[in-house]
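Me: I would like to go through the pockets and the cysteines of this model. Could we begin with the pockets?

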Amino acid sequence: MRAGEIAVLGLLGAVLFAGKIALAGLPNIEIVSLLVIVYTVVLGWRALFPVYVYVLLEYVTWGFGLWSACYLYVWPALVLAARLLWRMESPLGWAVLSGAFGMSFGALCALVYLVSGGWAFALSWWIQGIPFDLLHCAGNFVLALTLFRPCKKLLSRLTGVSLRGKGRP
């Protein structure tokens with residue numbers, strides 16, 4: 001990978017972090033899920049680089065806690081899901097994926113609490129967060145439905161063939 005590619009991927013990770021900070025005043029409404037999906041559709045597996053830049057920026061800014069362990073597998077799980085569906089053209093399909101991810105975010109993060117505190121702790125942590133997961137689901141769905149196509153078009157234009165490679169991303 002060339003230095004220019006590494007720089008672009010790093011900047012895309014910074015965009016994830018800046019997008020999250022910009023919407024931080026809204027409870028569980030975030031642009032990160034949409035951008036991770038778009039990055040994966042356009043860049044393929046290279047989307048993992050900006051995802052882990054984002055995770056690193058989260059750790060540097062907010063420190064480490066139980067929550068931080070789930071970021072190591074939750075965001076790559078979204079990359080995997082988007083990678084499996086990368087040929088899908090329908091914004092509605094991407095909105096459903098993004099909404100489902102938002103709804104399942106708390107359950108996925110509860111796995112850390114299952115290991116650290118047992119099933120009762122994990123279950124109670126997940127249940128108390130369901131209202132936030134519902135907001136996360138709705139926000140992700142609406143953002144993906146309205147912004148998937150323009151974000152994909154913009155990222156494809158900005159990154160060009162040099163980052164996407166040839167053939168299948």
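**Pockets and cysteines**

Reply: The model is a predicted one. Its largest pocket holds about 610 Å³ of space.

Me: Which residues are closest to the centre of the largest pocket?

Reply: Lys-20, Asn-28, Tyr-71, Phe-105 and His-136 are the closest to the centre, out of 26 residues that line the largest pocket.

Me: And which elements give two or more residues to that lining?

Reply: They are the helices α1 (3-22), α3 (48-62), α4 (66-84), α5 (91-117), α6 (119-128) and α7 (130-164).

Me: How does the lining of the largest pocket divide by residue type?

Reply: The lining of the largest pocket has 17 nonpolar, 5 polar and 4 charged residues.

Me: Back to His-136. Where is it found, and is it buried or exposed?

Reply: His-136 belongs to helix α7. The residue counts as buried because its relative accessible area is 3%, under the 20% limit.

Me: Which residues is His-136 in contact with, leaving aside neighbours within four places in sequence?

Reply: On that basis, His-136 contacts Asn-28, Glu-30, Ser-33, Gly-102 and Phe-105. Of these contacts, Asn-28 and Phe-105 are also listed among the residues closest to the centre of the largest pocket.

Me: What is the volume of the second largest pocket?

Reply: The second largest pocket has a volume of about 200 Å³. Its lining takes two or more residues from each of α1, α2 (32-43) and α7.

Me: Which element gives the most?

Reply: Helix α7 does, with 5 residues.

Me: Which residues line the second largest pocket, and how do they divide by type?

Reply: The lining consists of Val-8, Leu-11, Leu-12, Val-15, Leu-35, Val-38, Tyr-39, Cys-151, Leu-154, Leu-155, Leu-158 and Thr-159. By type, 11 are nonpolar, 1 is polar and none is charged.

Me: Cys-151 is in that list. Why is there no bond between its sulfur and the closest cysteine sulfur?

Reply: The closest cysteine sulfur, in Cys-137, is 19 Å from that of Cys-151, which is too far for a bond. A disulfide requires the two sulfur atoms to be within 2.5 Å.

Me: How many disulfides are there by this rule?

Reply: The count is 0 disulfides. Cys-137 is in none, and the nearest cysteine sulfur to its own, in Cys-109, is 15 Å away.

Me: Are Cys-137 and Cys-151 buried or exposed?

Reply: Cys-137 is partly exposed, at 24% relative accessibility. Cys-151 is also partly exposed, with a relative accessible area of 21%.

Methods: Residues are numbered from 1 along each chain as its sequence is written. This is a predicted model: local features need pLDDT of at least 70, side-chain atom pairs count only at pLDDT 80 or more; totals for chains, interfaces and linings use all residues. Side-chain values use heavy atoms; hydrogens and water are left out. Buried means under 20% relative accessible area, exposed over 50%, partly exposed in between (1.4 Å probe, protein chains only). On a 1 Å grid over the protein atoms alone, a cavity is a set of points where a 1.4 Å probe fits but cannot get out, and a pocket is an open set with protein on both sides within 12 Å along at least five of seven lines; lining residues have an atom within 4 Å of a point. Grid points are joined across faces, edges and corners, and a volume is the space filled by probe spheres set on the points. Helices (H or I, at least four residues) and strands (E, at least two) are DSSP runs, numbered from the N terminus. Ala, Val, Leu, Ile, Met, Phe, Trp, Tyr, Cys and Pro count as nonpolar, Asp, Glu, Lys and Arg as charged, and the others, Gly among them, as polar. Contact means heavy atoms within 4.5 Å.
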